[in-house]
Amino acid sequence: MSILTSIFTNISYYSKSKFKDKNKMELKMKQKLMVTPSKPTWKGNQSLSVWDQIGCTTHTSVIYFYAPNTTPFETVTQTLIDSLSHTLLHFYPLAGRLRNLDNSGFQLECNEDGAVFVVAELNADLSHFEKDHFTPTPESNRFLIPYINESLPIHERPLLLVQLTKLSCGGLSLGITMSHVVVDGVSAASFTKEWARIARGLPLQNAPLFDKKAFGVGDCCVANPQRFDHSNDFCNKMPFLLKQSNAAAPTTTEERKKMETTLFTLKLTKEQVQKLKNKANNNDQDRRSRPYTCYEALTAHIWRCSVKARKNLKEQVTACLVSVDLRQRLQPPLPLSYFGNGAFQPMASCEAGELLCKPLSYGVSKVRSVIEMVTNDYIMSATEFLKSEKDLTKFQNSYESTSSNGGGGRHWGNPNIIVTSWLNLSFEGIDFGWGNEIHFGLAYEEIDGGFLILRDNNNDADHSVFVNGGLLLQHFEAFKNYFYNDI
């Protein structure tokens with residue numbers, strides 16, 4: 001069986017009767033092909049930095065929805081295929097494959113094997129998916145996200161997969177799945193933006209930078225001293241949940257259902273966001289060099305609400321991981337066009353009682369302090385720490401891809417959360433020639449305690465934001481109440 005055939009062995013499974021019974025939805029595969037760079041590119045093994053080889057080491061997915069337009073679907077399809085081929089000429093690592101190394105790390109083989117492109121039609125319209133601000137579901141993953149066969153050897157798995165789906169109303173969805181070993185959010189957004197420009201006939205705006213010497217890759221790199229203690233970094237020592245009096249094991253079907261993770265999207269208006277920022281910045285006893293940001297205030301607010309909703313004991317230690325882009329913190333800074341992983345999740349922590357009995361600004365100050373901790377010296381020290389590790393497995397989240405089973409396996413879990421911001425990334429406003437998307441978001445992932453902050457790109461004038469989150473079902477309603485009532 002060829003690689004291409006094996007990749008799609010299970011995708012026809014989506015249109016079998018068991019998936020038609022529930023909503024009578026049927027996905028028809030129209031075309032599937034491997035897209036390679038439009039011209040020969042450099043071939044060889046590309047070393048990855050240690051930052052590429054920790055955290056999530058499988059695939060992650062995003063999805064775009066487009067309103068009905070007058071461009072024929074055949075033209076849309078060919079435009080995307082041709083422009084993807086030309087874009088891979090510049091982003092040629094995405095046409096390569098990974099190989100395992102002895103230390104549980106990876107090496108990137110640039111070999112022009114190509115990216116998967118799937119064309120499909122679905123007998124459902126946009127209204128079916130736009131409920132609750134397009135909150136992702138297992139169903140949207142099954143039908144709109146390209147399937148990646150996790151049982152394939154890693155050197156046979158494509159690093160980039162795309163699925164274009166025509167909906168019954170004439171609208172479109174574009175599901176994009178990429179290997180997190182090769183890209184982080186900044187790199188993925190940069191690739192998608194350049195692909196859209198090329199599809200519109202525009203030249204490449206920012207060429208990707210593949211040089212990883214800044215993160216200690218290459219024989220000429222001089223080792224930096226490990227100046228800091230990194231024993232609590234990289235999610236290696238997350239707080240455990242203390243036994244709670246109300247945490248009895250579920251016995252009924254209804255109780256077990258409450259232990260399932262639910263995904264949700266909550267919207268905050270510009271006025272609500274500003275009110276939170278004012279609340280965070282209005283403590284006269286708190287001295288700081290600059291006002292707290294939207295991300296810092298929102299993160300602390302989410303942290304407090306999750307602790308309340310989970311009814312953590314006051315002596316319970318709780319952690320909040322935040323996402324920091326390393327590119328601009330290096331000296332000299334890396335351009336945003338640096339292609340690879342440049343994100344770090346430092347951990348703020350304190351006792352639940354301490355977080356709740358003090359004002360919002362206390363939690364915000366905790367978030368600020370770990371963000372400011374990430375300096376050039378800290379990054380270099382952390383890089384040396386990771387390079388000295390003989391086994392990187394303990395720093396990796398190698399869960400099964402969400403596109404294969406409708407749900408992920410990552411579980412930050414009570415009493416901890418992770419809050420990521422895409423407020424400043426260029427994922428939105430992606431126009432391939434038929435207008436901007438009407439919605440952009442992540443695919444479905446079951447992560448208890450995972451939160452993502454996004455702009456509301458449907459209403460730029462409103463400046464509102466969306467918070468995508470995942471919590472146990474039994475905690476969701478309480479969290480939602482605190483989320484709005486505590487502003």
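The lining of the largest cavity in this predicted model comprises four nonpolar, four polar and one charged residues. Its members are Thr57, Thr58, His59, Leu98, Ile154, Arg157, Pro158, Leu159 and Ser179. Leu98, Ile154, Pro158 and Leu159 are the nonpolar residues of this lining, because leucine, isoleucine and proline belong to that class. Arg157 supplies the charged residue, since arginine is counted as charged. The space enclosed by the largest cavity amounts to about 60 Å³.

How many cavities of 30 Å³ or more does the structure hold? The count is three. The second largest of them has a volume of about 40 Å³. Around the second largest cavity stand Gln46, Leu48, Pro93, Leu108, Val181, Val182, Phe210, Lys212 and Phe339. By class, this second lining divides into seven nonpolar residues, one polar residue and one charged residue. Lys212 is the charged member, because lysine falls in the charged class, and Gln46 is the polar one, because glutamine is not listed as nonpolar or charged.

Attention may now turn to a single residue, Ser190. This serine is located in helix H6, which spans residues 185-199. Is Ser190 buried or exposed? The relative accessibility of Ser190 is 15%; a residue under 20% is classed as buried, and Ser190 is therefore buried. When neighbours within four places in sequence are set aside, Ser190 is in contact with Phe91 and Ser426.

Methods:
Residues numbered from 1 in each chain as written. Predicted model: local features only at pLDDT ≥ 70, side-chain atom pairs only at ≥ 80, totals over all residues. Heavy atoms only, no water. Helix = DSSP H or I, 4+ residues; strand = E, 2+ residues; numbered from the N terminus. Buried < 20%, exposed > 50% of the residue type's maximum accessible area, 1.4 Å probe, protein only. Contact = heavy atoms within 4.5 Å. 1 Å grid on protein atoms, 1.4 Å probe; cavity = no way out; pocket = protein on both sides within 12 Å on 5 of 7 lines; lining within 4 Å. Points joined across faces, edges and corners; volume = space filled by probe spheres on them.
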